Amino acid sequence: MARPEQVLLLEPQQELKFRGPFTDVVTATLKLTNPTDRNVCFKVKTTAPRRYCVRPNSGIIDAGTSINVSVMLQPFEYDPNEKSKHKFMVQSILAPRDMTDMEGVWKEAKSDELMDSKLRCAFEMPLENDKATEHSALPKSASASLDDGEVKKIMEECRQLQMEVQRLREENKQIREDDGLRKRKPTQTAASHSSTMASTAMTKDEGLSTRILALCLLFFVIGAIVGKLVL
């Protein structure tokens, strides 16, 4: 016995297109519309379940409503000479008016109550012109998102960081000079006192060196960001 005609409207109707590159997850959207006055149960199946993640892969579409199904193709090594043999099937059945268990409906469904539609998969790689357009558009969008006021603010922060680094260098130099003078005192008491002060100076020196290193690193990162944005 022939199966009844599919009541759901599919968009697209025959083919799911996935546009590369395929080094990351690529998602295609399948829209299912229920134009009837009855709720409809649906399931989405594929011939390659390990290659795709479908959300939602089953459910109920209320009368007169639609639902979007996300079909996510997992990353893989694309071969342009290999044609895709993957297919999807949307299976549906009219939901009983007194339905309480959707799984039970599928188990008890008769073959003459099931409806299905099949779609094939197609893989496409972006054209070279498209790639060039995308790359050329990126710097423009990035620079457009930063106005002159923000650039001036960042430059001012960089200038202040330079001044802070210079100040810390001078303090570090002064500490080293003071430490040298203390070490040259002749008496034992002075030597002992100098040793204590030297330890304190070394501790300060280490703290200052750490601060200098952190500020230099922050200055380098901000400078790199500003350079990219200005270009």
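**Entry 1: the open sheet.** I began with the sheet of 4 strands, which is open, pairs antiparallel and has the order β1-β3-β7-β5. I note that the model is predicted. I asked which strands stand at the edges. They are β1 (9-11) and β5 (52-55); each has a single partner strand, so one side of each is left without a neighbour in the sheet. I looked up the twist as well, and from one strand to the next it averages 20 degrees.

**Entry 2: the β1 edge.** I followed β1 to its partner. Strand β3 (residues 26-33) runs antiparallel to β1, and 3 bridges join the two. I picked out one position here: glutamate 11 stands opposite lysine 31 in β3.

**Entry 3: pairings of β8.** I then turned to β8, which covers residues 87-94. I found 7 bridges between β8 and strand β4 (residues 40-46), with the two running antiparallel. In this pairing I noted that threonine 46 stands opposite phenylalanine 88 in β8. I also looked up strand β9 (residues 115-124), which is joined to β8 by 6 bridges and again runs antiparallel to β8. Here I noted glutamine 91, whose bridge partner in β9 is aspartate 116.

**Entry 4: leucine 94.** I stayed in β8 and looked at leucine 94, which lies in that strand. I asked whether leucine 94 is buried, exposed or partly exposed. Its relative accessible area is 33%, so I entered leucine 94 as partly exposed, the class between the 20% limit for buried and the 50% limit for exposed. I listed its contacts, leaving aside neighbours within four places in sequence: Val7, Arg38, Asn39, Val40 and Met115. For asparagine 39 I also took the C-alpha separation from leucine 94, which is 6.3 Å, although the two residues are 55 residues apart along the chain.

**Entry 5: the largest pocket.** Leucine 94 led me to the largest pocket, as Leu94 is among the residues that line it. The volume of this pocket is about 220 Å³. I wrote down the full lining: Ile93, Leu94, Pro96, Met99, Thr100, Asp101, Gly104, Val105, Glu108, Ala109, Lys110 and Glu113. I asked which elements give two or more residues to the lining. These are β8 and α1 (102-108). The largest share comes from α1, with 3 residues. I sorted the lining by class and have 6 nonpolar, 2 polar and 4 charged residues.

How values were computed. Residues numbered from 1 in each chain as written. Predicted model: local features only at pLDDT ≥ 70, side-chain atom pairs only at ≥ 80, totals over all residues. Heavy atoms only, no water. Buried < 20%, exposed > 50% of the residue type's maximum accessible area, 1.4 Å probe, protein only. Contact = heavy atoms within 4.5 Å. Pairing = 2+ DSSP bridges. Axes fitted to C-alpha atoms, helices over the stretch in contact; angles between N-to-C directions. 1 Å grid on protein atoms, 1.4 Å probe; cavity = no way out; pocket = protein on both sides within 12 Å on 5 of 7 lines; lining within 4 Å. Points joined across faces, edges and corners; volume = space filled by probe spheres on them. Nonpolar A, V, L, I, M, F, W, Y, C, P; charged D, E, K, R; others polar.
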